[in-house]
Amino acid sequence: MIANSLYLDHAATTPLLPAAREAMLDGFARWANPSSPHGAGRAARAALEEARSRCKAALGWEGELVFTSGASEALAIALGRARVDRRIVSAVEHDAVWRAAPQAEVLPIRDGAPDAEALAGLLAAPGRAIVAVQSINSETGTVLLPPLGDAVVGPVRAAGGLLLADCSQSAGKDPLPDADLIVVSGHKLGGPIGIGALLVRDWALLEPSGGQERGYRPGTENLPGALGLAAALEAGGSAGWATTAAQRAGFRDALARHGEVLSPGQQCSHIIAVAAPRMAANAVLIRMDALGFAISAGSACSSGSLKPSRVLQGFGIDPDVARRTVRVSLGWSTTSDELDAFAAAWAEIAG
């Protein structure tokens, strides 16, 4: 990290937790291939399976777990191998979902939530469907799939469909929603880059493709990554962060005094989309970077584009507001002093 920079782009990736770093060092010492039949390989296999059990326990998941290279691969497996006839994707999903299911039917968003009437109509069509919805939107922080909500779960189950929850921005922070398939990303929660997981309620939901991970994911398993992911999940959720929920709420209010904080629906506390009164998002990023603040405009996978955000359009955000919107995202290492410093800088630039 650049000296004296303040990092507020945790929705893109978050620093490695010390416990995860230590666990990975242990994993690097276990260098044997977990699929090898000799003693060293069997020891590596035992460590991998222990990491799998630890991840499931930390997430409170009683189903199956496939280790992947990250959320994008987990989404591709879920959408590509699910035993379904049709794919329905919310209008504000991450680009990785659309790459995995480019011909999917679109579930529109109304008032910051999946459109219930549209969902009912889509589910009424012939053929079993898988419905993909983010638990927390990565650009706005909008909670689309609350842990205890059934506005989506109930209709999907009643229609005999499957619910795929992209929990990249919520796993390791909040309880999991009631879904059939759940995506987890290691580097969004203090774990390493290059590891993720697909949680599967029942193996019968997926068509195996051969290879490792019970035949659902080819390639040598990433033992250091799996151990790092387990340690990061065990480190706890947002209750153990350096900031409190009240401090994060106060920070949101401070930004709103000198800009427009987007609140399309129910919002989480760690991702904030805020529009400057007059300045374009790219200009805000340049000014903030010069002052030593790392933030973004939209998801990291699309922020290099000059096109209007597809996600903000999906939420019905006015195009002019969308062009002025940046994303500020917090994580386990964010301090209250950092929030105060950014709020002061925001007031100076946006005021």
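In the predicted model, Pro192 touches Leu16, Met24, Gly186, His187, Gly225, Gly228 and Leu229, leaving aside residues up to four places away in sequence; a contact means heavy atoms within 4.5 Å. Residues are numbered from 1 along each chain as its sequence is written, and side-chain values use heavy atoms, without hydrogens and water. Because the model is predicted, local features need pLDDT of at least 70 and side-chain atom pairs count only at pLDDT 80 or more, while totals for chains, interfaces and linings use all residues.

Pro192 lies in the loop between β9 (181-185) and β10 (196-200). Strands (E, at least two residues) and helices (H or I, at least four) are DSSP runs, numbered from the N terminus. With a relative accessible area of 5%, Pro192 is buried (under 20%, against over 50% for exposed and in between for partly exposed; 1.4 Å probe, protein chains only).

Both β9 and β10 belong to an open sheet of seven strands with mixed pairing, in the order β2-β10-β9-β8-β7-β3-β4. Two strands pair if DSSP finds at least two bridges between them. At the edges stand β2 (64-68) and β4 (105-107); each has a single partner strand, so one side of each is left without a neighbour in the sheet. From one strand to the next, the twist averages 20 degrees. Axes are lines fitted to C-alpha atoms, for helices over the stretch in contact, and angles run from 0 to 180 degrees between N-to-C directions.

Strands β3 (residues 86-90) and β7 (residues 129-134) run parallel and are joined by four bridges. Arg86 stands opposite Ala129 in β7. Helix α2 (residues 39-59) packs on the sheet, where it touches β2, β9 and β10, and its direction makes about 115 degrees with that of β2.
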